[in-house]
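Trainee: I've got a structure open and a pile of labels to make sense of. Can we go through what sits behind them?
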Amino acid sequence: MSDTPFGFGLPPEEPDNGDEGRKKGNQGGQGGPANPFGFPGMGLPGGAGGPGGADNPFAAMFGSMNPNDLGAAFQQLGQMLSYEGGPVNWDMAKDIARQTVAQGTADGVKDASVGIAEKSAVEEAVRLADHWLDGVTSLPSGATTAVAWSRAEWVEATLPVWKELVDPVAERVGAAMGSVLPEEMQAMAGPLLGMMRSMGGAMFGQQIGQAVGTLAGEVVGSTDIGLPLGPAGKAALLPLNIESFGKDLGVPPDEVRLYLALREAAHARLFAHVPWLRSHLFGAVEGYARGIKVDTSKLEDVVGRLDPSNPEQLQEALQGGMFQPQDTPEQKAALARLETALALVEGWVDAVVHEAAKPRLTSADAMRETMRRRRASGGPAEQTFATLIGLELRPRRLRDASRLWASLTDARGVDGRDGLWEHPDMLPTASDLDDPDGFVHREQLDFSEIDKMLGEAARKRDQRDAGDGTGKDEGEEKK
């Protein structure tokens with residue numbers, strides 16, 4: 001698990017070559033900027049904010065700025081301090097994500113609109129992928145449309161889901177700001193707390209915007225993290241990123257596109273036809289958020305020493321980890337549930353896609369191993385998810401889950417394997433991943449009969465209550 005969810009904690013060390021080093025270090029969105037709000041020259045007390053920066057925060061903030069950028073800086077500062085929304089400034093997150101995308105990736109590739117030929121190629125790949133999947137899974141197609149996105153379109157389409165994932169965690173962390181002061185002092189400290197909430201929302205927005213913008217330059221579809229980030233019913237691929245992904249693989253571009261379309265279409269089937277799965281995964285994230293505890297003694301000490309007239313001091317506190325969450329048993333349990341569920345999702349997709357691709361694509365084995373290594377090396381999706389909610393997927397669990405699903409296919413057939421998705425209690429657990437043979441040959445529970453019994457009991461109760469409006473059945477009336 002990441003030690004610094006939401007990028008809390010100490011920023012990277014300042015480079016020795018001052019502003020030039022910071023500019024270089026911030027390219028590509030890697031590691032998070034030392035200045036989370038993006039103001040040129042806004043140094044910490046005693047830092048690189050220019051002479052007299054610690055004594056004059058406005059000189060530190062604007063002293064070394066190009067006059068042409070001054071208006072934009074004031075506008076951004078106003079946006080930060082006037083924000084009165086939820087725990088994350090999502091307008092800022094969106095703006096920064098779009099700016100990050102516009103800068104291009106580290107290899108110099110800029111975003112571009114998707115052409116007609118690329119859209120047609122994606123639609124054809126998804127159509128063919130769905131046809132192949134029909135023979136290896138009992139779940140019907142979950143993609144009503146296939147779309148080809150640019151990186152900017154991916155940002156726009158996925159932000160609503162990022163909001164749903166991140167807000168519960170940010171809400172719990174942000175609530176600590178108002179809980180550390182005695183009730184009688186909270187009214188007196190109202191302006192300070194309001195400014196802290198605004199700055200905190202901006203900090204979260206900046207961190208998330210940069211992470212999502214960077215991720216947009218690397219993902220190949222809408223399900224790279226094992227969660228449905230895009231709108232329901234849409235299988236989405238990013239042609240520009242698929243081209244970069246397959247550049248050095250030695251695999252024909254059409255095969256790369258088709259293999260990734262298989263993965264996207266397989267995810268779409270699972271989330272479309274397992275109605276409880278999405279809420280199960282997102283509920284685990286909320287469970288993680290409910291378990292967040294903040295070191296209030298540290299927070300009380302920081303709040304007590306803050307000077308509202310010194311914005312640099314507040315920035316230093318925000319960057320120094322004043323809201324650093326502590327691991328709790330509740331968090332660990334929720335993350336274990338989420339990790340296991342994600343491993344089962346990814347393992348099922350891996351097994352099903354390989355079964356569909358193996359007889360048809362000469363590169364099936366190579367593509368499968370490439371995707372697995374991408375995960376094992378801490379790929380961009382895992383790193384971003386770890387930054388946002390403190391979770392890292394364990395690749396060992398993914399491989400174990402894939403082997404278990406393959407064994408289930410051999411032992412119970414496609415219908416028996418996919419039937420386990422009917423109810424969450426039928427799925428393998430983390431301990432089952434350690435003993436796949438034991439699970440495969442265990443007596444299978446039939447939850448459908450239980451559901452029928454419960455449904456029949458509910459139907460009889462409704463009929464009895466509807467009777468003559470008295471709620472009495474016939475036997476009671478005769479008495």
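Mentor: Sure, start with helix 10 and helix 14, which are oblique to each other. Keep in mind that this is a predicted model, where local features need pLDDT of at least 70, side-chain atom pairs count only at pLDDT 80 or more, and totals for chains, interfaces and linings use all residues. Residues are numbered from 1 along each chain as its sequence is written, and side-chain values use heavy atoms, with hydrogens and water left out.

Trainee: Why are helix 10 and helix 14 called oblique?

Mentor: Helix 10 (residues 253-273) and helix 14 (residues 329-357) pack at about 130°, with their axes 9 Å apart. Axes are lines fitted to C-alpha atoms, for helices over the stretch in contact, and angles run from 0 to 180 degrees between N-to-C directions. Under 35 degrees is roughly parallel, over 145 roughly antiparallel, 65 to 115 roughly perpendicular, and the rest oblique. The pair is therefore oblique.

Trainee: Which residues of helix 10 and helix 14 make the contact?

Mentor: With contact meaning heavy atoms within 4.5 Å, helix 10 brings Tyr259, Leu262, Arg263, Ala266, His267, Leu270 and Phe271, and helix 14 brings Val345, Glu346, Trp348, Val349, Val353, Ala356 and Ala357.

Trainee: What makes Arg263 count as buried or exposed?

Mentor: Buried means under 20% relative accessible area, exposed over 50%, partly exposed in between (1.4 Å probe, protein chains only). Arg263 has 11%, so Arg263 is buried. Leaving aside neighbours within four places in sequence, Arg263 touches Glu346, Val349, Val353, Met371 and Arg375.

Trainee: And which label does Ala232 get, buried or exposed?

Mentor: Ala232 comes out at 81%, so Ala232 is exposed. Ala232 lies in the loop between helix 8 (190-216) and strand 2 (234-237). The C-alpha atoms of Ala232 and Gly142 are 8.5 Å apart, although the two are 90 residues apart along the chain.

Trainee: How do you know that helix 14 is close to its expected span?

Mentor: The expected span is 1.5 Å times one less than the number of residues. Helix 14 has 29 residues and reaches 41 Å from its first C-alpha to its last, close to the expected 42 Å.

Trainee: What makes helix 14 "mostly covered"?

Mentor: The count: 22 of the 29 residues in helix 14 are buried. For the chain, buried residues make up 49% of 479.

Technical notes
Helix = DSSP H or I, 4+ residues; strand = E, 2+ residues; numbered from the N terminus.
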